[in-house]
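Please load the model below in your viewer and keep the selection box handy. We will go from stop to stop, with something to select at each one.

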Amino acid sequence: MLRQALRRFGQMLVRRCTLEEKKTEPTPLRWLSTLDLVALGIDYTLGAGVYFLAGEVASNQAGPATVICFLVAGLSCALAGLCYAEFAARVPHSGSAYLYSYVTIGELWAFITGWNFILSYVVGTASVARAWTRAFDYLIGNQISQTLHESILLHVQQVLAEYPDFFATGLVLLLTGVLALRARESVLFTKMITLVSLLILVFVIISGFIKGDLHNWKLTEEDYVKAGLNGTSSLGPLGYGGFVPFGFEGILRGAATCFYAFIGFDNIVTRAEEAQNPQRSIFMGIVISLFICFLMYFCVTSALTLMVPYYQLQAGSPLPEAFLYIGWAPACYVVAIGALCTLFTTILNDMFSARWVISVMAKDGLLFHVLARTHTSRHISIVATVVLGIMAAVIAFFFELIHLVDFMSIGTLFTHSLVAICILILRYQPEVKNGGNEAEMQEENGPAAVQLTLQELLFTGSSSPTPLSGQVVYVCSSLLVLLLTLLCLVLAQWPVLLSGDPVWISVVVVLLGLIIGITGVIWRQPQNSSRLPFKVPALPLLPLLSVFVNVCLMMQMTADTWARFGVSMLIGFAIYFSYGIQHSRVANPT
């Protein structure tokens, strides 16, 4: 009896929705070109990361090696982007990692993914609002921060911000009202802001290469002494000097933080149903926008660290301060105003995305149904808009920008890993006929898995996937996620490994052997031969590499960030197990 109850409960957690259910919803007009999607992708991605994060990472974590941090973070996002592109080619339906998880690996993981997206967008709104306040504060001579710092202090280090940000809170509440009147962002306005932002960043890059000094990439201890800096950072002495002043650990920690700068490109897939040619344009939009954003981050960071010694970068307003440092005072105001415009649209885009995910999950029954209610004439989810606005306003009021950046990064790294696993699983699954029930088909073939021999595991004798081979890949993928996580935990102790400790080295060798062996089992399974405009190449290696890079970056997060992430996930689980699991539309199709 208990065994049957546990089995039914487990089946509830992995029940999946079908694409046919999603396709029954009304389809909007297809009008977005590839250029429109590229502009949206750049606007979604190129925001606080380029105007504030580069200076934060360079001054405290990686120095001039921040360019390498952006390269590592960009690689992680490029791998995830390939996975998103295949999903867009496979399912020309507006979605996100939430939908893809729901279709492939089950309801619980879909809820976790969707919940992480909501948190990321809400926290993203709060973080960019704080960044906007910094840019505005700079234009008025830092009067806001000085006044609040002198009058109101929260006195909770590593948990809350130094002082509450009333202006960021007010900005979020104001834009919540604007959001309640609009169903979608203006693509024309977005393209104009994107063009202005790119022109300003090109100006920054050219200025940096004109006024830059290569000596700023070769600093020595004598330079620190002359500057009167003998302090320390959270990663070690400032006096290391050179291109990598904080060492390899600084690059890893900086890459984990720089990942925030690329968050947003995945929003392109939410516009698939509006794209003229979604199978092609979604892929092109993701790849081109990611490449342009990486190029901008790489060049702006290079210019910034060439213009100003990294230890003199101001964390709050690095680009304007850089122009003051080189004596181009008028340019600093142009850059600050450009940052205000860019960050303003970024806040709106994050809020639009958060409302969309909340509405979709509420319609699926995983969140409270009241959140799906729409205004009858404008089709706007008013309740969802107000709820996300209040959440973002509270977060912007209490929490520091860098803490919000790390929180967003860890949640998005998690969802990108899930997307990679979804691709790995989906490519090895058999075609499910319309009206077929995948869960029933797997249950009927379940006993065959017990009779599976090693020879049948490596030599299936079939050129097309079967339910049994699909289950093999499902189980092997789950084991690989566990092993890759353990490997990343061990590699995080890399100083011990470099010391030659035989125990730790043996653990790494064993884990690598298991990973290679299980990967070989997946490789021997037949793949789905469906013709698609784009497929992730080199399966199963690229999705597994994506998971490995993402988990490695997650391991660089601080204990405080993991604690915040854990608390937020506990809140999400409480909502799912108390409401979502019972009201899911998959369980109650009527």
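The tour starts with the whole chain and then moves to single helices, loops and side chains.

**Stop 1: the whole chain**

Before selecting anything, note that this is a predicted model. Show the chain as a cartoon: its secondary structure consists of 24 helices and zero strands. Next, colour by accessibility if your viewer allows it; 55% of the 590 residues count as buried. A contact map is also worth a look here. Among the contacts with a separation of 6 or more, 83% are between residues 24 or more positions apart.

**Stop 2: helix 1 against helix 24**

Select residues 2-14 for helix 1 and residues 559-583 for helix 24. At what angle do the axes of these helices cross? They cross at roughly 85 degrees, and the axes come within 11 Å. Since angles of 65 to 115 degrees count as roughly perpendicular, helix 1 is therefore roughly perpendicular to helix 24.

Now show side chains where the two meet. Helix 1 contributes Phe9, Met12 and Leu13, while helix 24 contributes Tyr576, Phe577 and Ile581. By class, this contact between helix 1 and helix 24 has six nonpolar residues, with no polar and no charged ones.

**Stop 3: rings in and around helix 24**

Keep the sticks on and select Phe111, Trp115, Phe573, Tyr576 and Phe577, which ring pairs link into a cluster. Tyr576 and Phe577 will be familiar, as both take part in the contact of helix 24 with helix 1. Across the whole structure, a search finds 23 aromatic pairs.

One of these pairs is formed by tryptophan 562 and phenylalanine 565. Its geometry is edge-to-face, with 6.1 Å from centre to centre and 85 degrees between the planes. Both residues lie in helix 24, three residues apart, about one turn of the helix. Which of the two is buried, and which is partly exposed? Phenylalanine 565 is the buried one, at 9% relative accessibility; tryptophan 562 is partly exposed, with a relative accessible area of 31%.

**Stop 4: helix 8 and its two sides**

Select residues 143-151, which make up helix 8, and highlight the buried residues Ile144, Ser145 and Leu148. Turn the view to look down the axis of helix 8: these buried residues fall within an arc of 90 degrees, so they line one face of the helix. On the other side of helix 8 you will find Glu150 and Ser151, which are exposed. To see what covers the buried residues, add helix 7 (107-139) and helix 9 (166-179), which are among the covering elements.

**Stop 5: the loop after helix 8**

Leucine 160 sits in the loop between helix 8 and helix 9. This leucine 160 is partly exposed, with a relative accessible area of 22%. Draw a distance from its C-alpha to that of histidine 403: leucine 160 and histidine 403 are 8.8 Å apart in space and 243 residues apart in sequence.

**Stop 6: aspartate 406 in helix 17**

Select helix 17, residues 401-426, and pick out aspartate 406 within this helix. Aspartate 406 counts as buried, at 3% relative accessibility. Leaving aside neighbours within four places in sequence, aspartate 406 is in contact with Arg253, Thr257, Met557 and Thr561. Tyrosine 260 is another residue to label: 146 residues separate tyrosine 260 from aspartate 406 in sequence, and their C-alpha atoms are 7.3 Å apart.

**Stop 7: threonine 346 in helix 15**

Go on to helix 15 (residues 329-363) and select threonine 346 there. Is threonine 346 buried or exposed? It is buried, with a relative accessible area of 5%. Outside its neighbours within four places in sequence, threonine 346 is in contact with Asp43, Leu46, Gly47 and Val128.

**Stop 8: backbone details between helix 22 and helix 23**

Finish with backbone atoms in the loop between helix 22 (502-523) and helix 23 (541-554), where proline 540 is located. Leucine 539 and proline 540 are joined by a cis peptide bond, with omega about 0 degrees. Alanine 538 is in this loop too. Although not a glycine, alanine 538 has a positive phi of about 55 degrees. Alanine 538 is partly exposed, at a relative accessible area of 47%.

Conventions
Residues are numbered from 1 along each chain as its sequence is written. This is a predicted model: local features need pLDDT of at least 70, side-chain atom pairs count only at pLDDT 80 or more; totals for chains, interfaces and linings use all residues. Side-chain values use heavy atoms; hydrogens and water are left out. Axes are lines fitted to C-alpha atoms, for helices over the stretch in contact, and angles run from 0 to 180 degrees between N-to-C directions. Helices (H or I, at least four residues) and strands (E, at least two) are DSSP runs, numbered from the N terminus. Angles under 35 degrees count as roughly parallel, over 145 as roughly antiparallel, 65 to 115 as roughly perpendicular and the rest as oblique. Contact means heavy atoms within 4.5 Å. Ala, Val, Leu, Ile, Met, Phe, Trp, Tyr, Cys and Pro count as nonpolar, Asp, Glu, Lys and Arg as charged, and the others, Gly among them, as polar. Buried means under 20% relative accessible area, exposed over 50%, partly exposed in between (1.4 Å probe, protein chains only). The arc is that of the directions from the helix axis to the C-beta atoms. Rings of Phe, Tyr and Trp (its six-membered ring) pair if their centres lie within 6.5 Å; planes under 30 degrees apart count as stacked, over 60 as edge-to-face and the rest as tilted.
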